[in-house]
Each structure stands twice: as C-alpha cells, then as structure tokens.
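The following exercises are to be worked with the sequence and the 3D structure at hand. Each task is followed by a solution that proceeds step by step.

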Amino acid sequence: MTSEKICLRAAHVVVLVGLYLGIALSWPLWFSVRTYPLVPAFPSFHQPSEMLSDIFFFTYLGLLLLTLVPVMIKRAGIGAFCIAVIFCLWDQTRAQEWFLLYNGMILIIACQRVHNPMYGASLLQLTVFATYFWSGIQKVNVHFLYKTFPWLIQPLVGDQSSPVEFFYLFGLIAPIIEFGGAVCLLSRSHKVRKAGVIALIGMHCGILFLVGPLGANWNSVIWPWNIVMSLLLILLFWNESHRPLFGSKAYLFVMGGLFVIPFLTLLNRIDQAFGLSLYSGMKPRALLISSTEQNIDLVKWAIDECNVPPFTSERYFKQIGKQGCDEGKVQMLLIRKPKSRFSKEIIEGTYTCEDLEKQS
C-alpha cells in the first residue's frame with residue numbers, strides 16, 4: 001500500500017470521527033422538533049415531514065459509514081454529500097463551516113482514494129491550506145483585535161473590562177501565525193513545512209484551552225474540529241512529500257469553492273458564512289425585540305439550543321424575524337454589523353414587521 005493510500009485512509013477515519021462527533025454535539029440541529037426556527041434557503045424549499053427528514057438524516061449517517069467500504073466508497077460519498085447539501089438548503093443554520101468542510105473532505109476522499117490517492121492527498125492539503133489562509137486573512141480587522149480576541153483571552157486575563165495591553169500584541173500576531181502557518185504548509189522544505197504544522201497545532205491547543213472545559217467552556221461543537229485539524233496537519237504535511245497544487249480537473253472545482261467564494265465575502269458579494277471567517281469578528285448579529293417577552297439574541301438562542309452559532313447573513317436574520325412576526329412574538333428586528341474592517345463603528349439596522357413583510 002502506497003504512503004498516499006495510507007495517508008488518505010487515516011485522514012478518512014479522522015474526518016469521519018470528527019463529523020460524527022460534531023453532529024452528536026449539535027444533535028437538535030438536525031431535527032425539526034425544536035424551538036429555534038428552521039430557515040430554508042428558498043421560501044418554497046421547506047423541510048418535509050418529520051418522518052421523511054429523519055429518514056434522510058439516518059440514511060446520511062449510514063452512507064457516511066459505508067464510505068469505509070472500498071467498493072461502496074464513491075457512491076456512498078457522493079450520496080452523503082448530496083443529502084448534506086439538501087439538509088443545508090432545508091435549514092441554513094446547518095451550513096456550519098465545520099460541517100461544509102468535513103463533507104467536502106469526505107467527497108474528495110470518496111472520489112480520489114481508490115484510483116488517484118496522490119491527487120486525493122493533494123486536494124486535502126489544498127483544503128486545509130485554504131482554511132488557514134482565509135481564516136488568517138479574515139482576522140485582519142479591528143473588530144477581531146478589540147472585541148473577539150479580548151473575549152477569547154478572557155479566561156487568561158479575568159473579568160477585566162479591557163485586557164492588559166500586552167495581550168493586544170497577541171491579537172496582532174494571531175492572524176500572522178494562522179496566515180503564515182498556511183503559507184509554510186506549501187513549502188517544499190520539510191523544515192519550513194514542519195514549522196508551519198507546529199505553529200498551527202500550537203494555535204489549536206491555545207483555542208482548545210480558551211474555549212474548552214478549562215477556559216470559557218463554550219461552543220463544544222468546535223472542540224473536535226480543533227483536534228481533527230491538528231491530526232490532519234500531521235497526516236498531510238509532517239512526513240508527506242510536497243504535492244503539486246495543480247494536476248487534475250478536480251482542482252478547478254476545489255479551488256472555486258475554497259478561493260473564489262471566500263474572496264467574494266471580502267467584497268461583501270456573498271454571505272460572510274461562506275468566507276471561512278472563523279472567529280473573525282466580522283459577522284453580523286441580530287436581536288429579536290418583543291413587547292411581551294425578553295429580547296432574544298439569536299447567537300445565544302442558537303448556541304443554547306443547537307450548540308452552534310446561527311448562519312450569519314442579513315437575509316437569514318430577516319427570515320427569522322418575519323417568522324417571529326407571523327407568530328406574533330416579535331415586534332422588531334435589530335441587526336448589528338461592522339461598518340468596515342478598519343473602523344470600530346457598528347452599523348445598526350432596525351426592521352419592523354411591516355418592513356420584513358415588504359422585503360419577503
């Protein structure tokens with residue numbers, strides 16, 4: 001068995017375990033019986049009956065398992081990917097970065113592991129590189145430096161209103177580590193590539209400490225993600241020789257998804273949720289304002305019930321606001337978003353039920 005096949009087989013198992021753990025930790029997200037609303041990508045594309053959606057879901061879990069069977073891997077992988085897309089169209093909240101990337105990796109492995117393991121390993125390398133590349137770039141903004149990063153390091157500095165100035169230095173360095181580590185992964189030098197792996201694994205260890213049980217104990221669905229990415233770094237970049245970034249038609253498809261789409265988010269042409277902007281501080285937030293009940297922060301509601309943040313787009317927030325208006329529970333929707341990457345100013349948009357009805 002070639003080293004590429006061994007690498008892909010190990011990566012396959014790691015990604016599958018990570019995906020199953022992510023789903024288990026966000027279990028209510030995958031069912032229709034919950035208080036947090038289902039938000040379809042298209043008004044007419046509603047999730048079917050509870051029984052039918054459950055059949056789709058457990059079929060999906062079964063197909064993922066069948067990808068471990070060599071003679072079934074390609075058909076099972078394609079089938080699982082198609083169901084994953086359908087589930088995200090039924091409810092946009094399910095289109096979490098980790099879920100999309102896991103399923104993309106499974107599709108790559110399913111299509112390349114048997115006949116083209118070298119290209120399969122190279123495509124996985126490209127996927128991992130793009131994740132860190134864009135995540136680092138997206139963090140280059142004042143909102144990450146002055147809001148998200150201070151929140152992340154709160155377990156270290158305590159409940160101070162603002163962190164010690166010394167820690168701001170790390171806020172400046174964090175995007176450099178992530179972006180620089182990604183660039184190192186492409187190096188033909190083993191030493192440089194290993195340095196990138198060590199830096200990025202160190203970053204994951206820091207994240208796990210800060211948001212894990214010893215830190216903020218928050219958003220546990222991303223804990224397995226940090227472990228999986230660390231293992232993939234070792235499997236794909238530590239000992240393997242450098243893979244060419246171009247070599248098959250599949251690269252065009254993968255590069256379109258991993259480079260063009262995130263670039264368009266920088267230009268505000270598509271939703272921030274597709275920009276690999278992990279903990280960037282650039283995503284909008286929304287508040288449902290009620291005259292009879294306590295106001296509802298959608299981030300808190302989604303995490304409390306489904307253990308995932310909401311899909312971050314104004315269109316998505318307006319759909320939830322309209323649902324609340326139709327049920328008579330919401331009086332107004334408030335959306336807050338950064339004005340720009342290099343301005344601390346936050347833009348607020350207020351929408352009444354009449355506004356949401358006109359825009360629907």
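**Exercise 1. Determine which strands the hairpin joins, and describe the sheet around it.**

*Solution.*
Step 1. A hairpin of two residues joins E3 to E4. Helices (H or I, at least four residues) and strands (E, at least two) are DSSP runs, numbered from the N terminus. The model is a predicted one, in which local features need pLDDT of at least 70 and side-chain atom pairs count only at pLDDT 80 or more, while totals for chains, interfaces and linings use all residues. Residues are numbered from 1 along each chain as its sequence is written, and side-chain values use heavy atoms, with hydrogens and water left out.

Step 2. Count the bridges on either side of E3; two strands pair if DSSP finds at least two bridges between them. E3 and strand E4 (residues 343–352) run antiparallel and are joined by eight bridges. Strand E1 (residues 285–289) and strand E3 (residues 332–340) are also antiparallel, with five bridges.

Step 3. Add the remaining strand. E1 pairs with E2 in the antiparallel sense over two bridges. Within this pairing, Leu287 stands opposite Asp297 in E2, and Leu288 stands opposite Ile296 in E2.

Step 4. Assemble the order. The four strands form an open sheet in the order E2-E1-E3-E4, with antiparallel pairing. Its edge strands are strand E2 (296–297) and E4, each of which pairs on one side only.

**Exercise 2. Trace the partners of Arg336 across the sheet.**

*Solution.*
Step 1. Look towards E1: Arg285 stands opposite Arg336 in E3.

Step 2. Look towards E4: Arg336 stands opposite Glu348 in E4. These two residues also form a salt bridge, with the closest N and O atoms 2.9 Å apart. The pair links distant parts of the chain, Arg336 in strand E3 and Glu348 in strand E4, 12 residues apart. A salt bridge is a side-chain nitrogen of Lys or Arg within 4 Å of a carboxyl oxygen of Asp or Glu.

Step 3. Classify both residues. Buried means under 20% relative accessible area, exposed over 50%, and partly exposed in between (1.4 Å probe, protein chains only). Arg336 counts as partly exposed because its relative accessibility is 37%. Glu348, at 48%, is likewise classed as partly exposed.

**Exercise 3. State how many salt bridges the whole structure contains, and examine one that involves Lys283.**

*Solution.*
Step 1. The search of the whole structure finds 12 salt bridges.

Step 2. Lys283 forms one with Glu97, and their closest N and O atoms are 2.6 Å apart. The pair links distant parts of the chain: Lys283 is in the loop between helix H11 (250–266) and E1, Glu97 is in helix H4 (residues 97–112), and they are 186 residues apart.

Step 3. Compare the classes. Lys283 has 24% relative accessibility and therefore counts as partly exposed. Glu97 has a relative accessible area of 13%, so it is buried.

Step 4. Consider a further pair: Lys339 and Glu345 form a salt bridge whose closest N and O atoms are 3.5 Å apart. Salt bridges that share partners also join Arg34, Asp91 and Arg94 into one network.

**Exercise 4. Decide whether Val330 is buried or exposed, and list its contacts.**

*Solution.*
Step 1. Val330 lies in the loop between helix H13 (314–326) and E3.

Step 2. Its relative accessible area is 10%, so Val330 is buried.

Step 3. Contact means heavy atoms within 4.5 Å. Leaving aside neighbours within four places in sequence, Val330 is in contact with Leu288, Ile289, Gly321, Gly324, Cys325 and Cys353.

Step 4. Val330 and Ser291 are 39 residues apart in sequence, yet 7.4 Å apart in space, C-alpha to C-alpha.

**Exercise 5. Identify which residues touch the most other members of the largest nonpolar core.**

*Solution.*
Step 1. A nonpolar core is a set of buried Ala, Val, Leu, Ile, Met, Phe, Trp, Tyr and Cys residues joined through side-chain atoms within 4.5 Å.

Step 2. The largest such core has 90 residues, of which Tyr60 and Val128 touch the most other members.

Step 3. Leaving aside neighbours within four places in sequence, the contacts of Tyr60 are Leu19, Ile23, Ala80, Ile83, Ala84, Phe99 and Asn103.

Conventions
Pairing = 2+ DSSP bridges.
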